[in-house]
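Reader: I should like to go through the descriptive terms applied to this structure and hear the reasoning behind each. Please set each value beside its criterion.

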Amino acid sequence: MNTNSLNRASNAVPKVLETEVLIIGGGVTGTGIMRDLALRGIRSILIDKRDLCAGASGGNHGLLHSGGRYVSTDLEAAIECRQEGALLKHLAPQCIEATGGLFVAVKDDDSAFADAFPTLCAQAGIDCEELELAQAKQLEPLLSGDLVRAMKVPDATVDPFHLAQLHVAHAAQLVGSVYLPHTEVSGFSSVDGEIRAAQCADHRNQTTLTIRARQFVNAAGAWSMGVARLAGCQDVHLLYAKGTLLVTTDRLTHHVVNRLRPPGDGDILVPGGTVSLLGTTSSRVDDLERVGPTVAEVDRNIREGAAMIPALAQARYIRAFSRVRPLLQAGAGASDRAATRGFALLDHQAQGLGNFCTITGGKLTTYRLMAEKAADLVAQRLGNHQPCRTAQVPLPDDETCSWSEPSSAPRHWHAKRDPDDLILCECEMLPQSAIAQIFDNSTGVDAQPTLESIALRSRAGKGPCQGSFCGIRIGSYLYDQGHYHDATGLTHLRDFFNERFKGQRSVSWGQQAAQLELAEALHCGLLGLDKLEQS
């Protein structure tokens, strides 16, 4: 099956689709389940009400945990992180940078915690080496002058967008599995203890769609409790913890740097390509649709982070963002930090459904294990006895899925040496050939693509200008290529800039404030996008 034609030609999508398994939720766990099933010969349809990694999977540090962060609070989760992190470094190296990690204590931090840390790591099987202070400063010159202890662990970084795209591409290649973005479940039809079909809203063309399947998997992350309720299941109980992170304009460290203390706010700095990510806060929320970074959260992250890396107090921040973690409920009165980072697979048999399951909780680092457990249950219910192979079969590379990698675009452009291949995003050196390839080959991109869908699959808009210039250039290119014919392209352009602005509101001081003034002059004064509805 040509999945791109199915994704693009909305008038060609039948009102009813049939598959073996419907997976709800396009995060790394949902896409991981899609690939796991495909390796067993099981075809699936994956849907997400937004797009790949729109929830917590795309709104985190990108930290591939060694497990060190959890040794004092959740030993089982620490062990899972250590085991899964080692596996992923071997199986998906194209998505991972083996940065290494440091846990550092500064003056007035709890010395007892630092004393116990190597023993706790040993209990979880995590390699931990205490460094001389001069060694640590040589590895990371920006560390605080108040440094008192430093431990080295095998942390790394991972690109969840690249990972998710590769899962989807491999599943499509293996068995013709299909990914449908902007497709939201609105209800289920059940007969005799089994779900027969899911009713869905297609937000791309404002139509409804029915998807029939033999098995249904709820991997909707923070939204999984709501999806379970739609199916009539009351046994999914989650806490919602909002985390806010900041992105610097420069890469400040080579290693992941963690504060050597019990987990708290602003205590991790993660190098990601050419930038660094600082965070995170944790605050309880109830509304999943209205979350965003506050000035107070930004200030708290910077204040805490600057204690271990003083340069963070003067760094330029190009954006802040927030996502919601789905946490399994802890005991009464426990803090969100105390909630387990483990995961749960619920088969819903006690709720009277024999072909519906929910996988929830967990971490980005443990997504493969989560996918394995869910796929084991689904395969068994389908009578498929093929074992899980994701722990042995490396994730194949695919050039089309690599544009979210920070170094991919400049490397590609330099190797091609084509003077006619114009650079559309100067911050990230993204050429127009990348946009053409994403449009022609990436699953989930429509015939009339949004700039957001292109940005998700590339580095467009990720640099210091936050899309101020490249948004206009990419929009113009799509008009020139005939993908836009009317004001829809301008609407997509405005929506793209609005999303970029959301991330800059709480960090708009200094150079970033000047950048916002320039963006306003371009987008409102020159293009009049703020008056679009009136034209």
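Author: Let us begin with a pair of helices in this predicted model. Helix H3 (residues 75-91) and H9 have axes that come within 8 Å and cross at roughly 95°.

Reader: What makes H3 and H9 roughly perpendicular to each other?

Author: Angles of 65 to 115 degrees count as roughly perpendicular. The crossing angle is roughly 95°, and H3 and H9 are therefore roughly perpendicular to each other. On the H3 side the contact involves Glu-80, Glu-84, Leu-87, Leu-88 and Leu-91, which meet Tyr-367, Arg-368 and Leu-369 in H9. By class, five of these residues are nonpolar, three are charged and none is polar.

Reader: Why are H2 and H6 called roughly parallel?

Author: Helix H2 (residues 28-39) and helix H6 (residues 160-175) pack at about 25°, their axes being 8 Å apart. Angles under 35 degrees count as roughly parallel, and H2 and H6 are therefore described in that way. The crossing of H2 past H6 is left-handed. Among the H2 residues in this contact are Val-28, Met-34 and Leu-39, and H6 contributes residues including Leu-163, Val-168 and Leu-174. The contact of H2 with H6 comprises 11 nonpolar residues, four polar and one charged.

Reader: How do you know that H13 is roughly antiparallel to H14?

Author: The axes of helix H13 (residues 470-480) and helix H14 (residues 488-504) cross at roughly 160° and come within 10 Å. Angles over 145 degrees count as roughly antiparallel, so H13 is given that description with respect to H14. This crossing is right-handed. Gly-471, Ile-472 and Tyr-479 in H13 meet Gly-489, Leu-490, Leu-493, Phe-496 and Phe-497 in H14. The contact of H13 with H14 has six nonpolar residues, two polar and no charged.

Reader: Which residues have the most contacts inside the largest nonpolar core?

Author: They are Leu-22, Ile-47, Phe-188 and Phe-356, in a core of 34 residues. Strand E12 (residues 207-218) gives the most to this core, with four residues. Beyond its neighbours within four places in sequence, Leu-22 is in contact with residues including Ile-45, Ile-47, Ile-211 and Val-217. Another core lies apart from this one; it has 27 residues, among them Val-168, Cys-357, Ala-374 and Ala-375.

Reader: Why does Asp-397 count as exposed?

Author: Exposed means over 50% relative accessible area. Asp-397 has 52% relative accessibility and therefore counts as exposed. Asp-397 lies in the loop between helix H9 (367-382) and helix H10 (408-416). Not counting residues up to four places away in sequence, Asp-397 touches Gln-94, His-162 and Leu-166.

Reader: What makes Asp-108 and Arg-417 notable in their backbone, and how is their exposure judged?

Author: Most residues other than glycine have a negative phi. Asp-108, which is not a glycine, has a positive phi of about 80°. Arg-417, also a residue other than glycine, has a positive phi near 50°. Asp-108 is in the loop between strand E5 (101-106) and helix H4 (111-124), while Arg-417 is in the loop between H10 and strand E21 (423-425). The cut-off for exposed is again over 50%. Asp-108, at 75% relative accessibility, therefore counts as exposed, and Arg-417, with a relative accessible area of 63%, is likewise exposed.

Reader: Which peptide bond is cis?

Author: The bond joining Gly-279 and Thr-280 is cis, with omega about -5°. Thr-280 is in the loop between strand E16 (275-279) and strand E17 (283-284). Most peptide bonds are trans.

Note on methods. Residues numbered from 1 in each chain as written. Predicted model: local features only at pLDDT ≥ 70, side-chain atom pairs only at ≥ 80, totals over all residues. Heavy atoms only, no water. Axes fitted to C-alpha atoms, helices over the stretch in contact; angles between N-to-C directions. Helix = DSSP H or I, 4+ residues; strand = E, 2+ residues; numbered from the N terminus. Left-handed = near helix turned anticlockwise from the far one by under 90°. Contact = heavy atoms within 4.5 Å. Nonpolar A, V, L, I, M, F, W, Y, C, P; charged D, E, K, R; others polar. Core = buried A, V, L, I, M, F, W, Y, C linked by side-chain atoms within 4.5 Å. Buried < 20%, exposed > 50% of the residue type's maximum accessible area, 1.4 Å probe, protein only.
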